[in-house]
Amino acid sequence: MRRGSMTWLAGIGRRGIVATILVTPAMAAGTWVASPALAQTKAQPQIYAIPAGPLSAALAAFGRQSGTQIAYEASVARDKTSPGLSGSATREEAIARLLSGTGVDYTFTDASSILVTSAATDAGGPAADGATVLEPITVHGNGETAFGPVEGYVAKRTATASKTDASLMETPQAVNIVTADQLADQSAQTMTEALRYTPGVLGGLEGAGDTRRDPITVRGFEPALYLDGVLATSGGALTAVTKPEPYNFERLEILKGPASVLYGANSPGGLVNAVSKRPTDEARGEVTLEGGSYDRLQEQFDVSGPLDADGTLLYRLVGVNRNADTQVDFQPDDHRFLAPSFTWKPDEDTSLTLLGQYSKDDGGVYQSLPLRGTLLSNPFGSIPRHRTGGDKAFDHYDSEYWNIGSVFDHRINDAITFSQTVRYGEHDNDYAGAYISGLRDDLRTADRVAYVYRNQAQSLAIDNRLAFEFDTGAASHSLLVGFDYNRLKSANQNGEMAIDPIDVFNPVYGHINPVPIAIRNNNLSEQTGIYLQDVVRLDALTLMVGVRHDWARSDVKNPFYAYDATDEATSYRVGATYQFDNGIAPYASYSESFALKEGMRADGGTWKPTTGQQYEIGVRYEIPGTDTMVTLSAFDLKQQNNVSAVPNTPFSVQTGEIGVRGIEAEIKASLDSGWDLTASTAYLDGEITEDADSSLVGDKAFNTPDVTASLWVDYTFQADDALGGLTLGGGVRHIGNYVSSQYEKPYRETPAATLFDAHVKYDFAALGKDYEGLSLSLNVTNLFDKRHYAYVDNYFTTDAPGREISARLGYKW
């Protein structure tokens, strides 16, 4: 770690940066020579499981498994048998082996389409034997990309781990992907709900009623949120963090472990990348109406399609409107969201997508209750979980957020592609609440504190990438060179004061006087990084090596300290994967991270960035002949330079270290027999390994459950009558004990909980064509209404959500 200077950035203003954003794609599109229309990127191998049999069936299976569109005349495949294919092959190798000995030829008409013809027939001409040319047959593959939709629960490609559209089977780091289908089946309304069936993830840390954000931990550390591959965090305070809308996700990807080699400053536990819905080539749409617990009423829509006859202009519009209360008194969950997007595709080599989002929220704030009367007994009874220390006339969370971004791709020639992702956002909010600060000796009078926060924030993220495809001898290379820049500016004000107590068993709420502003903060952070990554493929072996250097600046001003500091960091990653023909792919990797640490030392200097390292081994198994992915990983993760207090002094030093070791397993499957399932488990051993206070060494790391496990299963009846529209499903989740606070020993752990969820859906298309597109679904979370907790310490608890019911009527076209 070296200190350096970023004074050259000081002269870059907003206008200059925005001008650079707008000019770069235009220059790229206007001055670079486009490659030929049929130019293809370097082929990458994947696993196939296609049994020998009729050629038509083999071509259909190949289309599904490779995502390729195949066109042929029916007479070409009639009475012909394919030898089948099992194992790893590129797309060209696979189609050649499938057609071996059949007397049939093939031609790639573009990068993802194949025309199959008789060896004695010219494409589009009459058969040599004079046979009648029949109606063409087209086989459509699902065409999965790392940026598009997935049919079912099993995603097989990711761009989060490598910033390229790559197969999961060649990725040497754990990646969990939640698809839009899974989000819909589980009726996920928040990030916490979207990830509750994901191994190694703990969510809902601020409990029911708090709708400000979605805090989670991944492998024991809180991750950063990315949107379409660039940083989405939009504020410099707790209350100004982007809260994403799951209905706008095409997929949600969780990259486990350090990721600074591609993304710069980050948590060592990993990061979360939300992939937005994008415009589609075909016209489609859906509308839904939802009602549920706590007077929830929600409408949402998603419409998309071409704007012109040539399909060069596409659009999409996603919207959500929700009015709802929550489990906690006086804490609403009202939400407005709109996400327009447009794509321009002037040719096969160039595309520009504009992505916008706007959200406005009237939400709830954090609440806690005394330990006596919730988890521990109280002679006056149990405090109901809807109770609040706040006040209806005072508590509020008013938030307004918008962003606009672009995704630009241009294939310069067969070997070089330029890509750029840009996003600019602004976030304003006004937040006030009151909380219980203590329970008096009478065990019913609770002291309270009222507080206010106001925040304005602006964020900018730019990521430029050049991808090169080339060979050196028998090895093929996918080389990525990138340059990115992130800027976050925020100004916030806050204050707090003691207010009148309440009786927690019989509260009388009243007027709270205005809280004066006591603290004003102004923060500016900038980060510039350059990175290099090479993915080398040699037969079944894939090697991934990467290096990145970052320059970071933090300018902080508040009543306690002020500084303008710079830091530099170099991060590395190396990994290897070997893909066996039977679908098994073991991998191993080493990766690093760093993160800036705000604050000043007693000597007037600033804290060094924290650093992290992870060793990971794992194996993926793509079961041949099925849409099933099994992943098992083991890791050893450490973070250094944590600030720890020196006992019996007012000073702190940067000598702390936290270590987390663990094993994670996940199974995802979407089977032709009507079954969809996801199952996972994680064992995490997190502890403080170094600290200025030796008595803390060996203590459990906080927010790191020892064991989590989950199982979700959906079954759609495979019948030709009305029963064929019925889907029944549900799940079970277990969250082990974890330490929520290390404020005072002995620690009181948040107790373990096992929860059940249920799902019923009916597709009215089973009743006839007149009802196609119409569906009705019912979801119940925490089916048995178990009282459990998101946070527990020696004095307070925060309730997690109880039973919630939602019903949804939807129509798709």
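The following exercises, with worked solutions, concern a predicted model.

**Exercise 1. Determine where Pro215 lies and whether it is buried or exposed.**

Solution.
Step 1. Locate the residue in the chain: Pro215 belongs to the loop that connects strand 12 (201–203) with strand 13 (216–218).
Step 2. Consider its accessibility: the relative accessible area of Pro215 is 6%. The cut-off for a buried residue is under 20%, so Pro215 is buried.
Step 3. List its contacts, leaving out residues up to four places away in sequence: Pro215 touches Thr192, Leu202, Gly203, Gly204, Leu205, Glu206 and Glu222.
Step 4. Examine one distance: Val320 is 105 residues from Pro215 along the chain, and their C-alpha atoms are 22 Å apart.

**Exercise 2. Describe how strand 28 is covered and which strands pair with it.**

Solution.
Step 1. Strand 28 spans residues 519–538, and 14 of its 20 residues are buried, so that the strand is mostly covered.
Step 2. Strand 27 (residues 475–503) pairs with strand 28 in the antiparallel sense through 19 bridges. Within this pairing, Glu526 of strand 28 is the bridge partner of Arg487.
Step 3. Strand 29 (residues 541–557) also runs antiparallel to strand 28, with 17 bridges between them. Here Thr542 of strand 29 is the bridge partner of Arg537.
Step 4. Inspect the connection: strands 28 and 29 form a hairpin with two residues between them, and Asp539 in the turn has a positive phi of about 55°.

**Exercise 3. Identify the edge strands of the open sheet with the order 11-16-17-14-15.**

Solution.
Step 1. The sheet contains five strands and its pairing is mixed.
Step 2. Strand 11 (175–179) and strand 15 (230–231) each have a single partner strand; therefore one side of each has no neighbour in the sheet, and these two stand at the edges.
Step 3. Examine one pair: strand 16 (residues 249–256) and strand 17 (residues 270–276) run antiparallel and are joined by seven bridges. Leu252 is placed opposite Ala274 of strand 17.

**Exercise 4. State which residues have the most contacts inside the largest nonpolar core, and which element supplies its largest share.**

Solution.
Step 1. This core has 21 residues, and those with the most contacts inside it are Tyr48, Ile50, Leu59, Phe62 and Val116.
Step 2. Several elements supply at least two residues each, among them strand 1 (46–50), helix 2 (55–66) and strand 7 (113–118). Helix 2 provides the largest share, five residues.
Step 3. Consider Phe62: its contacts beyond four places in sequence include Tyr48, Ile50, Ile70, Ala94 and Ile114.
Step 4. A second, separate core of 20 residues includes Ala161, Leu168, Ala259 and Met629.

Methods: Residues are numbered from 1 along each chain as its sequence is written. This is a predicted model: local features need pLDDT of at least 70, side-chain atom pairs count only at pLDDT 80 or more; totals for chains, interfaces and linings use all residues. Side-chain values use heavy atoms; hydrogens and water are left out. Helices (H or I, at least four residues) and strands (E, at least two) are DSSP runs, numbered from the N terminus. Buried means under 20% relative accessible area, exposed over 50%, partly exposed in between (1.4 Å probe, protein chains only). Contact means heavy atoms within 4.5 Å. Two strands pair if DSSP finds at least two bridges between them. A nonpolar core is a set of buried Ala, Val, Leu, Ile, Met, Phe, Trp, Tyr and Cys residues joined through side-chain atoms within 4.5 Å.
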